[in-house]
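Grab a coffee and open the viewer. Here are some exercises to work through with the fold in front of you.

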Amino acid sequence: MIEIPTIFKDVDVKKNLLIKKKVGIIGYGNQGRAQALNLRDSKITIKIGLRKNSKSADLVVKDGLDFLEIPNLVKWADVIAILIPDEIMSNVYEDHIKPHLNKNQLLLFSHGFNIHYKHILTPEYVDVVLVAPSGPGKMVREKYEIGKGIPNLLAIHNDYSSQAFDIMLSYSYNIGGTKIGAIKSSFKEECETDLFGEQVVLCGGIPKLIKMAFNTLVKSGYQPVVAWFVCFYEVKLIVDLFFEKGFDYMNESISDTAEFGGYKVGDIIFDKELNDRMKNILQDIQSGNFNKEWSKESKMGYKELMKMRLADRNSLIEKTTQFIIKKLN
Ligand SMILES: NC(=O)c1ccc[n+]([C@@H]2O[C@H](COP(=O)([O-])OP(=O)(O)OC[C@H]3O[C@@H](n4cnc5c(N)ncnc54)[C@H](OP(=O)(O)O)[C@@H]3O)[C@@H](O)[C@H]2O)c1
């Protein structure tokens, strides 16, 4: 039997402590805007913290919210959610957040990266918690708007006030997390599993598998559009099936030919060597090697990232995707 953790739902939120707090959201990007709008619609008092001359200022105002420069926001807020890119967070923290922190404030992160790898060291007189939505900001907002939510992982790094848990749960409740379920984790667990999941499955494994299969078909003389339908388009349809009720349900909905071929070839592609490489990738995350590599890349001005992004943008599969999207819409 699997070990079932406690899953906190709306009914478990006995104290909605956030109602009495001033919440400052630093950053108005993917998570910042989604969480801010959900909190606003949950009747929480919020303001946004932006850098000087921020390009997001107009959008904040358009959304009916107030903004302050980050140091002023830190002075104003009881709860401070830091929702800016992880690789620049420690610099912003040192220069604009830390000097203005006061006793009994609460710092909230949506990813364990900076606390787990010790890029940010927080003082003992503030609470430090994690409310990490298991999905992109766009979905955090969209699900909330239809009365649903995205699951949250929760963790406490420091509980100075003895109220960190209740404030954290209340935050999750007000962004829609406990609508579906919030699970207690740790900064370490969230950080390492999140990095592993995005590298091996979500952003590394699945896109690479699609691209490689597409290129194999095209190089063997098949039409790019036909290769695209089978390797790219149908992924969404099959994922929807197993996402709804599991792999067994998916198997019932596909042909026996597809199921048999899937088992046989799945074992050939995903063999023991691939499993060993996965373990090495996890070790790189656990040892901090990936963290060092990413920090170095950020300091070097993202040169390698830009190169890989450009190659992706100019690939045949990307051009085929853009062509078909235009034709189909
Ligand atoms: N992407 C997701 O949906 C997702 C999912 C789960 C967890 N998370 C976590 O959520 C956190 C935020 O990620 P995100 O993807 O939402 O970030 P993001 O969209 O890249 O953040 C953009 C915001 O950060 C601000 N920013 C960038 N550099 C800054 C600087 N030097 N000083 C001050 N502000 C700066 C930008 O300011 P301007 O407007 O002025 O440009 C903008 O408002 C991260 O910890 C991430 O791991 C993200």
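The exercises below go from the overall layout to the sheet, a helix, the core and a single residue.

This is a predicted model, so you should know that local features need pLDDT of at least 70, side-chain atom pairs count only at pLDDT 80 or more, and totals for chains, interfaces and linings use all residues. Residues are numbered from 1 along each chain as its sequence is written.

**Exercise 1. Find the domains and state how far their centres are separated.**

Step 1: Split the protein into domain 1 (7–185) and domain 2 (204–328); domain bounds come from an automatic or database domain assignment.

Step 2: Take the centres over C-alpha atoms, and you get 32 Å between domain 1 and domain 2.

**Exercise 2. Work out the order of the strands in the open sheet, and name its edge strands.**

Step 1: Strands here are DSSP runs (E, at least two residues), as are helices (H or I, at least four), and both are numbered from the N terminus. Two strands pair if DSSP finds at least two bridges between them.

Step 2: Walk across the nine strands, and the order reads β1-β9-β8-β7-β6-β5-β2-β3-β4, with mixed pairing. The edges are β1 (7–8) and β4 (67–69), each of which pairs on one side only.

Step 3: Now look at the directions. Strands of a sheet pair through backbone hydrogen bonds, either parallel or antiparallel. The antiparallel kind shows up between β7 (residues 127–133) and β8 (residues 152–158), joined by six bridges; Ala 132 has Leu 153 as its bridge partner there.

Step 4: β8 runs parallel to β9 (residues 182–184), with three bridges. Asn 152 partners Ala 182, and Leu 154 partners Lys 184.

**Exercise 3. Trace β5 and its neighbours, and give the hand of the β-α-β crossover through α4.**

Step 1: On one flank, β2 (residues 22–26) runs parallel to β5 over four bridges, and Ile 26 stands opposite Ile 82.

Step 2: On to β6 (residues 106–109), which is also joined to β5 by four bridges in the parallel sense. Val 79 partners Leu 106. From β5 the chain passes through α4 to β6, and this crossover is right-handed (with the strands pointing away from the viewer, the path from the first strand over the helix to the second runs clockwise).

Step 3: Ile 80 has Leu 107 as its bridge partner in β6. Leu 107 in turn has Val 128 as its partner in β7, and β6 and β7 run parallel with four bridges.

**Exercise 4. Which residues of helix α4 are buried, and what do they pack against?**

Step 1: Use the neighbour count: a residue is buried if 20 or more other C-beta atoms lie within 10 Å of its own, exposed if 12 or fewer, and partly exposed in between, with C-beta atoms placed from the backbone.

Step 2: In α4 (residues 86–97), that picks out Asp 86, Met 89, Tyr 93 and Ile 97 as buried. They share the same side of α4 because they cover an arc of only 40° around the axis (the arc of the directions from the helix axis to the C-beta atoms).

Step 3: On the other side of α4, Ile 88, Asn 91 and Asp 95 are exposed.

Step 4: The buried set packs against α3 (70–76), β5 (79–82) and α5 (113–116); contact here is C-beta atoms, placed from the backbone, within 7 Å.

**Exercise 5. Which residues have the most contacts inside the largest nonpolar core?**

Step 1: A nonpolar core is a set of buried Ala, Val, Leu, Ile, Met, Phe, Trp, Tyr and Cys residues joined through C-beta atoms within 7 Å.

Step 2: The largest one has 60 residues, and Val 79 and Leu 108 have the most contacts inside it. Helix α7 (residues 164–175) gives the largest share of this core, seven residues. Apart from it lies another core of five residues, including Trp 228 and Ile 317.

Step 3: Leaving out residues up to four places away in sequence, Val 79 touches Leu 106, Leu 108, Ile 167 and Tyr 171, among others.

**Exercise 6. Is Asn 291 buried or exposed?**

Step 1: Locate Asn 291 in helix α15 (residues 289–299).

Step 2: Asn 291 counts as buried because it has 22 C-beta neighbours inside 10 Å.

Step 3: Check a partner from elsewhere in the chain: Glu 87 is 204 residues away along the chain, yet the two C-alpha atoms are separated by 9.4 Å.

Definitions and conventions: Contact = placed C-beta atoms within 7 Å.
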